[in-house]
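Dear colleague,

Please find below the structure that I am handing over to you. My notes on what was found in it follow directly after.

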Amino acid sequence: MNAFDTPCSLDALDPASPTCEPDTAVADAAVPAPIPADLQAALDRSGLHPLTLGGRTLLPIVQGGMGVGVSAHRLAGSVAAAGGVGTLSSVDLRRHHPDLMERTEGLAAKVGGEAEAKRLIDEANLEAIDREIAAARQRSQGRGLLAINVMRAVQEYAAQVRRALEAGIDAVVVGAGLPLDLPDLAQDHPKALLIPILSDARGVQLIVKKWERKKRLPDAIVIEHPRLAGGHLGAARIADLGDTRFDFENVIPQSLAFLRSAGIEKDIPLIAAGGIRTHEDIARVQALGAAGVQLGTPFAVTEEGDAHPEFKRVLASARDDEMVEFTSVAGLPARAVGTPWLKAYLKIESKLQAVAHVKSRCTKAFDCLAQCGLRDGLAGWGQFCIDNQLAAALRGDVKKGLFFRGVGALPFGDQIRSVRELMERLLTREAMAGA
């Protein structure tokens with residue numbers, strides 16, 4: 001399946017059906033416009049500029065990838081169906097498939113070896129990527145674009161990128177580390193879009209220069225502000241989150257100046273991420289030179305979001321003064337809601353870090369991260385199992401979950417609304433929205 005093939009049927013989205021056959025009736029139908037007519041009209045009235053990616057003219061709105069399982073096929077497919085960029089998160093997608101979870105439950109004891117258990121869990125997650133891409137493609141109805149976010153910090157990064165490309169994903173987005181090798185991984189897929197997530201102009205220069213040597217340029221670059229975004233953040237230390245070099249007013253013009261000097265300004269659109277909540281926010285960063293925006297939290301709390309309703313309630317009702325910044329088990333600064341588990345963990349974090357030591361095995365027989373503060377005994381890094389805590393949040397367990405969230409009041413306050421309503425709100429000027 002190439003980047004813009006029409007979706008194949010998925011046997012009523014049966015999680016036990018990992019493959020699908022082309023629906024000839026659908027395949028013979030005309031390819032729909034990337035943006036539905038009513039949202040195209042809203043864009044025309046908005047005064048905002050469309051985003052052009054992969055030869056398609058889209059709404060200037062990208063839904064950020066959120067794991068574990070927060071942005072799976074329902075959310076990503078719905079955003080694409082509305083004419084935006086819908087993004088799956090590749091991390092532990094088996095959790096949306098009961099048969100895959102049953103197949104991998106308690107493997108360490110069953111198969112008699114950590115290596116074999118890890119292999120089977122990794123295989124299940126790759127199979128889940130196939131299923132989720134196919135299901136998102138069907139839900140998108142051939143509109144918008146579908147992307148997958150793969151964290152550079154995960155151990156199976158390369159395998160997940162390759163599997164998503166083989167499954168026909170339109171774009172691969174990579175953050176939580178510099179994806180210097182992404183062009184190599186995608187060399188057999190020249191039509192797939194490659195999009196790194198960076199936070200400052202120096203990172204933009206580095207990636208572009210390194211990729212140029214590989215005869216490939218980024219198809220877009222997400223500029224994520226670490227003081228505003230949720231989840232893992234693009235700064236070396238918590239103390240650096242407020243550095244002015246990350247301000248959109250600095251990094252977007254500086255990055256554009258570099259791209260202009262290299263003669264590629266029009267080839268690499270910049271997408272601003274972090275704290276984007278309104279039409280006015282989009283207009284402001286477009287005035288600075290950004291082509292579009294990426295939002296995570298506002299999409300996470302939509303009706304179509306793939307997480308539990310209690311997950312959405314926690315994020316939607318949280319205030320900025322409830323946000324907590326801490327060092328993740330991946331060694332990166334992170335931002336989340338100060339829930340009971342996180343507050344309890346932070347009270348003893350220094351003690352845990354003081355006694356950090358190399359463990360004989362991963363807590364989950366999974367080794368999800370290439371480097372893990374808990375498993376590898378890295379002092380100063382987080383000392384908890386991130387898969388455990390994020391999975392708890394996915395199922396709405398407030399007592400045990402880690403709830404990543406960006407700063408800023410949400411477009412509908414604490415209300416849970418649809419993707420379509422969110423898109424309409426973002427395309428509407430504040431004065432008109434309040435009329």
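Asp 99 is partly exposed, because its relative accessible area is 23%. Please bear in mind that this is a predicted model. Asp 99 forms a salt bridge with Arg 131, and the closest N and O atoms of the two are 2.9 Å apart. This pair links distant parts of the chain: Asp 99 belongs to helix H4 (residues 98–104) and Arg 131 to helix H6 (residues 114–140), with their positions 32 residues apart in numbering. Unlike its partly exposed partner, Arg 131 counts as buried, because its relative accessibility is 3%.

A further salt bridge joins the side chains of Arg 284 and Glu 249, at 3.1 Å from N to O. Here too the pair links distant parts of the chain, as Arg 284 lies in helix H11 (residues 279–288) and Glu 249 in helix H10 (residues 248–261), 35 residues apart. Arg 284 counts as partly exposed because its relative accessibility is 35%. Glu 249, at 43% relative accessibility, therefore counts as partly exposed as well. Salt bridges that share partners also join Asp 92, Arg 94, Arg 95 and Asp 387 into one network. Within this network, Asp 92 forms a salt bridge with Arg 94, with 2.5 Å between the closest N and O atoms, and both of these residues are buried. The count of salt bridges comes to 27. As a general point, side chains of opposite charge can pair when their charged atoms come close.

I turn next to the strands. Strand E5 (residues 145–151) is largely enclosed by the rest of the structure, because 7 of its 7 residues are buried. Leu 145, Ala 147, Asn 149 and Met 151 point one way from E5, while Leu 146, Ile 148 and Val 150 point the other way. Strand E4 (residues 85–89) runs parallel to E5 and is joined to it by 5 bridges. Strand E6 (residues 171–175) also runs parallel to E5, and 5 bridges join these two strands. Which residues pair with Asn 149 in E4 and E6? Asn 149 is the bridge partner of Ser 89, and Asn 149 stands opposite Val 173 in E6.

There is also an open sheet of 3 strands, in the order E9-E13-E12, with antiparallel pairing. Its edge strands are E9 (231–232) and E12 (323–327), each of which pairs on one side only. E9 pairs with strand E13 (residues 333–337) in the antiparallel sense over 2 bridges, and Ala 334 in E13 is the bridge partner of His 232. Helix H14 (residues 340–354) packs on this sheet and touches E12 and E13. The direction of H14 makes about 40° with that of E12.

Finally, there is a feature of the surface to report. Leu 178, Leu 180 and Leu 206 form a nonpolar patch there, with about 210 Å² of accessible area together. Of these residues, Leu 206 lies in helix H9 (residues 201–212). Leu 206 counts as partly exposed because its relative accessibility is 33%.

Yours sincerely

Key
Residues are numbered from 1 along each chain as its sequence is written. This is a predicted model: local features need pLDDT of at least 70, side-chain atom pairs count only at pLDDT 80 or more; totals for chains, interfaces and linings use all residues. Side-chain values use heavy atoms; hydrogens and water are left out. Patches are made of residues with over 30% relative accessible area and no salt bridge: like charges are joined within 9 Å, nonpolar side chains (Val, Leu, Ile, Met, Phe, Trp, Tyr) within 5 Å. Accessible areas come from the Shrake-Rupley method with a 1.4 Å probe; for residues, only the protein chains shown count as cover. A salt bridge is a side-chain nitrogen of Lys or Arg within 4 Å of a carboxyl oxygen of Asp or Glu. Helices (H or I, at least four residues) and strands (E, at least two) are DSSP runs, numbered from the N terminus. Buried means under 20% relative accessible area, exposed over 50%, partly exposed in between (1.4 Å probe, protein chains only). Two strands pair if DSSP finds at least two bridges between them. Contact means heavy atoms within 4.5 Å. Axes are lines fitted to C-alpha atoms, for helices over the stretch in contact, and angles run from 0 to 180 degrees between N-to-C directions.
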